[in-house]
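Okay, thanks for coming, everyone. Let me put today's protein up on the screen, and then I'll walk you through it.

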Amino acid sequence: ALRDAEWPVRAASLGAFAAAGGRDVDAVLVLLDDEEEAVRDAASEALVAIAPLVPLPAGALDRVAQQCGSRNLAIRSSALHLLERQAPERARVAARERLGDSAPAIRSHAVRILATGGDEAVPLLVPLLDDPDPEVQRAAANALATIETPMALRALVQASVGADPDAREALSTALARQPFSVVHEVLDEFM
């Protein structure tokens with residue numbers, strides 16, 4: 001049924017295939033190139049459903065990374081989650097590309113993934129402290145606090161100066177989770 005001439009049959013078969021625990025990654029990968037968008041979307045969803053069952057080969061992970069740019073929000077989200085679980089470095093690359101995503105949930109998820117990259121993520125996260133969406137601002141503040149390096153904490157302190165009350169609260173909460181000695185050291189630089 002995955003190779004049926006009728007696209008609705010191919011799309012429906014993919015859902016049943018994944019739900020039944022199908023593990024033929026190659027069959028699903030072929031359908032990511034299907035001429036019908038509905039089949040490509042179903043293949044993306046099936047690939048994400050298969051991933052927890054079977055470690056994906058490098059080629060499949062490349063295809064998952066491509067799905068992070070899908071027009072379908074659920075597919076973008078699932079692809080980021082899958083990469084985060086199976087290929088953290090690829091997830092960070094995909095997350096950098098998704099910082100400008102139209103969906104705040106994707107931007108927030110990208111921020112959380114980037115936080116695992118340490119100081120190299122700080123310059124990418126700082127602009128998101130001014131994101132139009134408060135949830136993305138909070139995610140950026142929390143990500144910087146999670147990084148727990150002087151560079152990240154300096155960025156939090158600098159961003160809190162002149163920030164609106166909601167952003168300042170998120171920044172303060174993030175800073176409050178840090179050891180006092182580290183915060184004191186960083187604050188001394190600003191006095």
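Quick bit of vocabulary before we start: when I say helix, I mean a DSSP run of H or I that is at least four residues long, and the helices are numbered from the N terminus. Keep in mind that this is a predicted model.

So, where does helix 9 leave off, and what follows it? The next residue is Glu148, and its phi is positive, near 55°. Helix 9 itself covers residues 134–147. From first C-alpha to last, those 14 residues reach 20 Å, close to the 20 Å expected at 1.5 Å a residue. At the start of helix 9, a side-chain oxygen of Asp133 comes to within 2.9 Å of the backbone nitrogen of Glu135. A good number of names turn up on the buried list for this helix, including Val136, Gln137, Leu144 and Ile147.

Now over to helix 6, residues 88–98. Here the buried ones are Ala91, Arg92, Ala94, Ala95 and Arg98. They sit on the same side of helix 6, because they cover an arc of only 170° around the axis. And what do they pack against? That would be helix 5 (73–86) and helix 7 (104–114).

Okay, zooming out. The protein has 12 helices and 0 strands. Of its 191 residues, 47% count as buried. The exposed surface comes to about 9500 Å², with carbon and sulfur atoms supplying 55% of it. And if you take contacts between residues at least 6 apart in sequence, 54% join residues at least 24 apart.

That's my bit, happy to take questions.

Conventions. Residues numbered from 1 in each chain as written. Predicted model: local features only at pLDDT ≥ 70, side-chain atom pairs only at ≥ 80, totals over all residues. Heavy atoms only, no water. Helix = DSSP H or I, 4+ residues; strand = E, 2+ residues; numbered from the N terminus. Buried < 20%, exposed > 50% of the residue type's maximum accessible area, 1.4 Å probe, protein only. Contact = heavy atoms within 4.5 Å. Areas by Shrake-Rupley, 256 points an atom, 1.4 Å probe, with all protein chains shown as cover. Expected span 1.5 Å × (residues − 1). Polar contact = N/O pair within 3.5 Å; in protein donor to acceptor, adjacent residues only side chain to side chain. Arc of directions from axis to C-beta.
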